[in-house]
Amino acid sequence: RRVFRPAGLVLQRRSFTDSSIGFTRKKNPLQSLNGTISSYRNHIFLCTGQSDWVSDIAKDDTMGPLMTVLKSHQHDLSLKVTACDAPNPNPSGSFDLLCYPMGLKIHSANQQNIHILLDLLKSNNISASGIPFVISPINTRQFFVCSHQSRDEKCGYCGPRIVDELRRQIQIKGLDKEIDVFKCSHVGGHKYAANVLLFPRGEWYGFITPNDVNELIRSALLDHSTLPHLIRGTMT
């Protein structure tokens, strides 16, 4: 008899080492990271309050309906949609959204009202009056680290370790009010784990290890990257 095991338990059921899926795994030393993301213009992060998600987040019972609507506009809005573990204080089916490059937090978006936000994105007039959202500016730098354990073992191994080290160093440096760190769902490019996205600049980093964390933080506080050799690309 075949026993069903939820995808999210993969790492708990199998034995891995750092040398097989972690930071010391074999990588192609000649491979250039630059240009390993597709060009896009908008990125929306759903605040879910979860630290892991089903493999295909569009099939999640709670966020699936909203994700389906957002993903149907990926091409016309040049849009990427990602879940993150930022707190979600809303009732089931509604989510706060972190929207870039606008640098705005949209409160309580759901399947019923999301079309209004999408229309505003198309018209580039997201601050229009009379809309059914509370909008607040994002005043911090934000790291999003792919930690999607149920999607890929490398991201599930490397991502949480980078998140822990980023949060630890940020606390040590007293930067808690300047930099946020979130786990996020699949962004593409498992083989480049750990994948780290830095906003508002929209920079994607690959092959990040704990040894890079302090330099990542320093880079976030500047107006330019100090780790150009690890940049996969930038949201344009």
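These questions and answers walk through a predicted model of one protein.

Visitor: How many helices and strands does the protein have?
Guide: The model is predicted. Its secondary structure comes to six helices and ten strands.

Visitor: Which radius of gyration does the protein have, and what would a compact globule have?
Guide: The chain has 236 residues. A compact globule of that length would have a radius of gyration near 18 Å, so the protein agrees with the rule at 18 Å.

Visitor: What share of the contacts with a separation of 6 or more joins residues 24 or more positions apart?
Guide: Half of the picture is burial: of the 236 residues, 50% count as buried. The other part is contacts across the sequence. Among contacts with a separation of 6 or more, residues 24 or more positions apart account for 70%.

Visitor: Which element gives the largest share of the largest nonpolar core?
Guide: That core has 48 residues, and C84, F143, F144, I162 and Y205 have the most contacts inside it. Several elements give two or more residues to the core, including β1, β6, β7 and α6. The largest share is seven residues, and it comes from α5.

Visitor: Which residues of the second, separate core can be named?
Guide: This core is separate from the one just described and has 24 residues. It includes W53, L70, L77 and L121.

Visitor: Which residues does F143 contact, leaving aside its neighbours within four places in sequence?
Guide: F143 is among the residues with the most contacts inside the largest core. Its contacts include L166, I179, V181 and F182. They also include V196, L197, L198, L216, I217 and A220, as well as D180.

Visitor: How far does α5 reach from its first C-alpha to its last?
Guide: α5 has 20 residues. At 1.5 Å a residue, 28 Å is expected. The model comes close to that, with 29 Å.

Visitor: Which residue caps the N-terminal end of α5?
Guide: Look for a side-chain oxygen by the backbone nitrogen of K154; the two atoms lie 2.9 Å apart. At the other end, α5 is followed by G174, whose phi is positive, near 70 degrees. The N-terminal cap is D152.

Visitor: Is E165 buried or exposed?
Guide: E165 lies in helix α5. Its side chain makes a polar contact with the side chain of R168 at 3.0 Å. Beyond four places in sequence, E165 touches P210 and V213. Buried means under 20% relative accessible area, so E165, at 18%, counts as buried.

Visitor: What separates the C-alpha atoms of D176 and D152?
Guide: D176 sits in the loop between α5 and β7. It is partly exposed, with a relative accessible area of 44%. D176 and D152 are 24 residues apart along the chain, and their C-alpha atoms are separated by 29 Å.

Visitor: Where are the cis peptide bonds to P101 and A194?
Guide: Most peptide bonds are trans. The bond from Y100 to P101 is cis, with omega near 15 degrees, and A193 and A194 are joined by a cis bond with omega about 5 degrees. P101 is in the loop between β3 and β4; A194 is in the loop between β7 and β8.

Visitor: Is F207 buried or exposed?
Guide: F207 is found in the loop between β9 and α6. Its phi is positive, near 60 degrees, in a residue other than glycine. At 13% relative accessibility, F207 counts as buried.

How values were computed
Residues numbered from 1 in each chain as written. Predicted model: local features only at pLDDT ≥ 70, side-chain atom pairs only at ≥ 80, totals over all residues. Heavy atoms only, no water. Core = buried A, V, L, I, M, F, W, Y, C linked by side-chain atoms within 4.5 Å. Buried < 20%, exposed > 50% of the residue type's maximum accessible area, 1.4 Å probe, protein only. Helix = DSSP H or I, 4+ residues; strand = E, 2+ residues; numbered from the N terminus. Contact = heavy atoms within 4.5 Å. Polar contact = N/O pair within 3.5 Å; in protein donor to acceptor, adjacent residues only side chain to side chain. Rg over C-alpha atoms; globule rule 2.2 N^0.38 Å. Expected span 1.5 Å × (residues − 1).
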